[in-house]
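Me: I would like to go through this model step by step, beginning with how the nucleic acid is held and then turning to the protein interior.

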Protein chains: 2
Amino acid sequence: MEMTQRKQKILAAVVESYIRTGEPVGSKNLLGELDFSVSSATIRNEMADLAEMGYLEQPHTSAGRVPTTLGYRYYIDKLMNKLEPTEEDRKAIAKTVSSGSGDPEQLLEKAGEVIARLTGCAAVSTMPLGEKATVRRAEIVPVGTRTAMIVLLTSAGTLKSKACRSDMPITPQTVERFYSVCAAHFVGKPLEDISTVMLQTLVASLGEHALEMSSFFVTLADLAADALSSDVLLEGQSNLFNHRELGGNIIELMEFLRKGEPISKLLSKGKDDIDIKIGTENEYKQLANSSVIISHYDVNGARSGALGIIGPTRLNYAKLIPYMQFVSGLVGDILSESIED
Amino acid sequence: MEMTQRKQKILAAVVESYIRTGEPVGSKNLLGELDFSVSSATIRNEMADLAEMGYLEQPHTSAGRVPTTLGYRYYIDKLMNKLEPTEEDRKAIAKTVSSGSGDPEQLLEKAGEVIARLTGCAAVSTMPLGEKATVRRAEIVPVGTRTAMIVLLTSAGTLKSKACRSDMPITPQTVERFYSVCAAHFVGKPLEDISTVMLQTLVASLGEHALEMSSFFVTLADLAADALSSDVLLEGQSNLFNHRELGGNIIELMEFLRKGEPISKLLSKGKDDIDIKIGTENEYKQLANSSVIISHYDVNGARSGALGIIGPTRLNYAKLIPYMQFVSGLVGDILSESIED
DNA sequence: TTTTAGCACTCTGTTGTTTCGAGTGCTAAA
DNA sequence: TTTAGCACTCGAAACAACAGAGTGCTAAAA
């Protein structure tokens, strides 16, 4: 069966109506939405065809039709008219997003906030990651006689720190020695180089000071790993409660969102600027009833991180896709400006 | 009406049975739980008295009885037999809690985790706060030509940092100047001294360099404020979903937990070592259906922070109160050891 | 005076029945 | 190919019937 123009129009109308109301849409209700006049019987026939073709389905025999994953996909790829954000919205967003102090984390937090508010979905974002980030500085700062903070600053502008306990008292010489070892071996080198294995050989070469230093280096490796694994920010989680159709899965969904790794993977995956996964298109089963729209941002020309929203499958794609593109573009621009290389 | 010993036994049995099962408890069910034999009619009479006295209530006319806030309170204060954690449990907890690297945040995270797991509640904790903390070090680290990280290290061992954008290029001289100004004016002084007002006068006194420095100082004030407002950690939030009786309030409750300030207030409030608020005893209406058990910990003899659990009112107080005391004691000990002054 | 047995009563939750309405698929005529 | 008409299906809501748990009260027993 081939896809006629009339079928397309009907499919689009069904999708849009369902997105708007959340109710299965019946043949009669559709009459008003179409720009041509036919009877409801004709529409019924067409809808039956579309159902057979896999674009629509019925929750039960005597209900209206609901788009399938395939239906949404066709709509998004071929039928949808994008709805660019208004000048007004753009300004409001830009104002909120840039209201921070220039701190990347704060920036992404604001961006997530504004997205969550505007879309009524949960917003996720990843910090600009420094895959090729190098060590800019590493040092220890004594806190107690046997405790110190290890501080690691990367070229990507992230600073990580962690307390660390030593078996031996920390002297100014320890501090000095650590600093110079780091300066000699790490500064300017990529973060990946600070692996536990590599550190073991290094510690071995330190001879008599190996003992007092080893715990510091272990912590340093922790920090490096931490700096490499891009942080995930989550906003508007509770918006999900407003979407009835997510049903009992909400709890699992929220649990899923809480642990960052899968989200981080999700966001880092797509190759295109914008990436849309509808319901079962998602590889995580917790997202089988949800859609995600992921928009990547570039910092100084390099793909660096992404912003995403997660909500029910009946998202207002026509509006949200351009919105996400706009916000991620904005974030990329601001970050590019602030993180020069 | 006075409280006879028999009434006390019945009240205790009702509370314990309700805590165990979550079902309103009827007169017949209670027969087996008591160490004396009377008929169900007698118990009914006594329960009616207890209800009249305000310790019990009925969800509806023909249901069993449920403890009121007052009932729980009486039980906890006068009737309860504390159930100290077993040696086994103590060891398991101690092992988990001390498995971190000596970082206070990680320590509290682990503690919260273990509490959440053990109790099936949401766990909250505040970082050791440094009310009397002083500035140990403050500096800027250039990231781009016009961007820098401001880093603030306090005597309490917390390190805060934030990116900041400057209107003018940042030169090594800027870094040096900032460092020396901080060394002269802030190091050793309490964090509260870095107020915006104080900074304004300072900036004014800097003359020609005022402009290039001002944004850094503003950020520094942010950091100081941030370091003073103790961070709140939250674990096991989703455990709350397992408690049916929280009902529709769960959403509000989770929203409430998400924003840290009220929690921070809640935890910093109590004067006693342990602090129990049952249902409506809580001043926040979002907690009206919940109980909180807060246990404070001391670092080097000074009240520094607290751990708490939040769950339904039918908590197993007899078990959880000693548990919380144990964990907070443990946390205090470990922190005292690692943060020497 | 206190305890107990007995009984009528109340309230909830469940189950089954009915009804209503929305929407469909099919058939036959336009 | 389209449309009108109609029988049919299914879910949601409304309603009645009922079982079960538990109570309060009364009157007898201890």
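Reply: A residue counts as near a strand if one of its heavy atoms lies within 4 Å of that strand. The model is a predicted one, and of the atoms of DNA strand C within 4 Å of the protein, 77% belong to sugar or phosphate, while the rest belong to bases.

Me: Which helix supplies the largest share of the surface near DNA strand C?
Reply: Helix H2 (27-30) and helix H3 (40-52) of chain A, together with helix H3 (40-53) of chain B, each supply at least two residues of that surface. The largest share, four residues, comes from H3(B).

Me: Which residue has a polar side-chain atom 3.0 Å from a base oxygen of DNA strand C?
Reply: Two contacts go to phosphate oxygens of the strand: one is 3.0 Å from an N or O atom in the side chain of Arg6(B), and one is 2.9 Å from a polar backbone atom of Ser39(B). The base oxygen, in contrast, lies 3.0 Å from a polar side-chain atom of Ser62(B).

Me: How far from Arg65(B) is the nearest side chain of opposite charge?
Reply: Arg65(B) sits in the loop between strand E1 (56-57) and strand E2 (66-67) of chain B, and its contacts beyond four places in sequence include Val14(B), Met47(B) and Glu57(B). Arg65(B) is buried without a salt bridge, and the nearest side chain of opposite charge, Asp49(B), is away by 8.5 Å.

Me: Why do the buried residues of H10(B) line one face of the helix?
Reply: In helix H10 (residues 249-258) of chain B, the buried residues are Ile250(B), Leu253(B), Met254(B), Phe256(B) and Leu257(B). They line one face because, seen down the axis of H10(B), they fall within an arc of 155°.

How values were computed:
Residues numbered from 1 in each chain as written. Chains lettered and ligands numbered in written order. Predicted model: local features only at pLDDT ≥ 70, side-chain atom pairs only at ≥ 80, totals over all residues. Heavy atoms only, no water. Buried < 20%, exposed > 50% of the residue type's maximum accessible area, 1.4 Å probe, protein only. Arc of directions from axis to C-beta. Lys, Arg positive; Asp, Glu negative; His and termini not counted. Salt bridge = Lys/Arg side-chain N within 4 Å of Asp/Glu carboxyl O. Contact = heavy atoms within 4.5 Å. Polar contact = N/O pair within 3.5 Å; in protein donor to acceptor, adjacent residues only side chain to side chain.
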